[in-house]
Amino acid sequence: MPDVKVEKIRDDPELYIIRVDDDRIRYFEATWSIPEGITYNAYLMKLDGATVLFDLSKREYTDLFMEALGKLVDPKEITHVVIHHTEPDHTGALPAFLEANGYKAKLIGTSFAKRFLEGFYGEKVVENFHTIKDGEEMSIGGKTFRFITVPWLHWPDTMITYVVEEGLIFSCDAGGGYGIPERIDDSDEEVVQRYLPHVTKYIVTIIGHYHKYIVQNIKKLRNLGIIDDARMILPGHGLIWRKNPARIFEHYEAVGAGKATKGKVLVLYDSMYGFVERRMEIVLDELRKNGLNPVVYRFTDKEAPAVSDILGEVPDSEAIIIGASTFEADIHPRIRYTLFELLDKANYEKPVLIVGAYGWGGVAGRKIETLIARSKFDHVDTVEGRGMLRKEDEERLREAVRKLISWIS
Ligand SMILES: Cc1cc2nc3c(=O)[nH]c(=O)nc-3n(C[C@H](O)[C@H](O)[C@H](O)COP(=O)(O)O)c2cc1C
């Protein structure tokens with residue numbers, strides 16, 4: 001059952017989180033399998049003569065959200081609504097909110113945000129909209145709100161808010177992750193450790209297509225000095241970072257840069273009748289013999305892992321091994337789709353070994369090579385064979401795995 005958590009984050013100025021915990025969702029953006037769920041975080045700040053709402057929630061949870069908000073404040077008293085980005089998981093409740101607010105609140109966002117809101121919800125919602133310029137400061141309720149654009153994290157309209165006197169960064173989707181953590185913040189290390197893999201998966205699936213902007217925009221914030229000075233980072237999804245605010249951006253940078261975990265090799269393959277699988281058993285044996293730690297995902301007639309989970313494993317892998325059967329003169333469809341997403345969203349300078357099996361004419365290996373050649377991945381070798389694994393194939397496979405290992409060691 002979706003739930004809403006309302007907690008006070010600070011007394012002065014009074015700051016609350018209104019967190020809708022969505023455990024009903026199965027496929028974020030109708031694509032990414034997230035059995036771990038997701039949260040939509042909105043924040044409310046009460047100041048002298050002003051009440052500011054930062055983002056809202058998804059349309060299907062409008063009633064939950066409005067009820068929780070109503071317990072903190074009469075919606076009519078909200079003077080400003082900061083729209084960090086317009087994706088409907090944060091703005092779906094906006095039309096209902098504005099009705100309840102009597103259209104009194106000033107909306108604050110980028111020029112893109114204004115255009116997109118008008119497109120999604122009509123002209124009336126943007127009647128009282130203030131378009132910010134990058135770096136613009138506004139004094140609201142005695143505090144200085146600085147608005148900084150961070151385009152393509154992960155929409156063109158994205159911005160963050162820095163509350164200067166308090167060192168608070170409302171960071172929008174940047175700094176967010178999937179999952180419904182038991183806590184609202186990073187105070188419990190066990191909660192953080194369980195949550196971080198969901199952050200990596202979120203980064204790759206949601207921002208991966210634009211991953212160069214992760215590094216670029218975080219650099220921009222660093223150069224402005226606000227990451228070092230931040231006392232709290234409050235993202236649109238997942239945990240608030242206040243014990244160690246810099247940590248979440250360090251994690252984002254590490255994922256953006258594809259920082260590898262020593263010995264981790266991602267192994268993914270399909271196998272309809274076991275011919276590719278037999279080859280992959282040799283591959284895995286050779287990897288383990290050499291002290292490496294393979295993480296395996298396989299598509300068979302009994303298993304179909306989520307592509308979103310596979311993508312989440314790429315950034316910190318040292319190397320990737322792809323096994324594919326030839327299927328109707330192409331790459332097996334499961335691997336074809338996985339590769340399509342992998343090359344789009346998790347395109348890193350990492351070595352790749354290709355393993356294949358075919359019935360009458362091998363095509364998958366060559367097609368994967370062609371795709372890899374257009375990416376940042378480095379092609380190490382391709383070992384493809386017809387039907388059953390033979391002694392000489394086994395030798396070739398072991399040799400190719402050792403070649404891959406020498407590449408990373
Ligand atoms: C639906 C289907 C389509 C196939 N298409 C081709 C093909 O176009 N070319 C080919 O050489 N083999 C083809 N094969 C044969 C497989 O590539 C071959 O049996 C391979 O060894 C399968 O490995 P696996 O059992 O690990 O999936 C096809 C097999 C199936 C079931």
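1. A residue counts as buried if 20 or more other C-beta atoms lie within 10 Å of its own, as exposed if 12 or fewer do, and as partly exposed in between. Trp152 has 17 C-beta neighbours inside 10 Å, so this tryptophan is partly exposed. Please keep in mind, here and below, that you are looking at a predicted model.

2. Let me stay with Trp152 for a moment. Trp152 sits in the loop between strand 11 and strand 12, and its phi is near 70°, a positive value in a residue that is not glycine. The same stretch deserves a second look for its peptide bonds: the one joining Leu153 and His154 is cis, with omega about 5°. His154 belongs to the loop between strand 11 (143-149) and strand 12 (159-163). As background, most residues other than glycine have a negative phi, and most peptide bonds are trans.

3. Two further backbone spots are worth opening in your viewer. Ala329 also has a positive phi, about 55°, without being a glycine. Ala329 lies in the loop between strand 17 and strand 18 and, because only 11 C-beta neighbours are found inside 10 Å, counts as exposed. The other spot is the peptide bond from Asp12 to Pro13, which is cis with omega near -5°. Pro13 is part of the loop between strand 1 (3-10) and strand 2 (14-22).

4. Now for the overall picture. The chain has 13 helices and 20 strands. Its radius of gyration is 24 Å, close to the 22 Å that the globule rule gives for 409 residues, so the chain is as compact as a globular protein of that length. Along the principal axes, the C-alpha atoms fill a box of roughly 80 × 40 × 35 Å. Of the 409 residues, 48% count as buried. Taking contacts between residues at least 6 apart in sequence, 71% join residues at least 24 apart.

5. How is the chain divided into domains? The domain assignment gives domain 1 (3-257) and domain 2 (266-408). Taken over C-alpha atoms, their centres are 38 Å apart. The contact between them takes 11 residues from domain 1 and 10 residues from domain 2. On the domain 1 side, strand 4 (32-33) and helix 5 (189-207) are the elements that give two or more residues, and helix 5 gives the most, with 5 residues. By class, that side has 5 nonpolar, 5 polar and 1 charged residues.

6. Strand 5 offers a nice pair to compare. Ala42 lies in strand 5 (residues 38-47), and so does Lys46. Ala42 has 26 C-beta neighbours inside 10 Å and therefore counts as buried, while Lys46, with 16 such neighbours, counts as partly exposed. Not counting residues up to four places away in sequence, Ala42 touches Ile18, Leu53, Phe54, Asp55, Leu56 and Ser57. With the same kind of neighbours left aside, Lys46 is in contact with Pro13, Glu14 and Thr51; Pro13 is the proline that follows the cis bond from Asp12.

7. Two distances help to place that strand. The C-alpha atoms of Ala42 and Val20 are separated by 8.4 Å, with their positions 22 residues apart along the chain. Lys46 and Arg396, in contrast, are 350 residues apart in sequence and 68 Å apart in space, C-alpha to C-alpha.

8. Helix 12 (residues 364-373) has a clear sidedness. Ala364, Gly365, Lys367, Ile368 and Ile372 are buried in this helix. Seen down the helix axis, the buried residues fall within an arc of 165°, so they line one face. The face turned away from the buried side carries the exposed residues Thr370 and Ala373. The general rule behind this is that an α-helix has 3.6 residues a turn, so residues three or four places apart point the same way. What covers the buried residues of helix 12 includes strand 17 (319-327), strand 18 (330-331), helix 11 (333-345), strand 19 (351-358) and strand 20 (378-386).

9. Which residues are closest to the ligand? Of the 18 residues that surround the ligand, the closest are Met272, Tyr273, Val276, Ser325 and Gly359. Helix 9 (275-289), strand 17 and strand 19 are the elements that give two or more residues to this shell. By class, the shell has 9 nonpolar, 7 polar and 2 charged residues. Strand 17 and strand 19 are also among the elements that cover the buried residues of helix 12.

Key
Residues are numbered from 1 along each chain as its sequence is written. This is a predicted model: local features need pLDDT of at least 70, side-chain atom pairs count only at pLDDT 80 or more; totals for chains, interfaces and linings use all residues. Helices (H or I, at least four residues) and strands (E, at least two) are DSSP runs, numbered from the N terminus. Two residues are in contact if their C-beta atoms, placed from the backbone, lie within 7 Å. The arc is that of the directions from the helix axis to the C-beta atoms. Domain bounds come from an automatic or database domain assignment. Ala, Val, Leu, Ile, Met, Phe, Trp, Tyr, Cys and Pro count as nonpolar, Asp, Glu, Lys and Arg as charged, and the others, Gly among them, as polar. The radius of gyration is taken over C-alpha atoms; the globule rule is 2.2 Å times the number of residues to the power 0.38. A residue is near a molecule or strand if its C-beta atom, placed from the backbone, lies within 6 Å of it.
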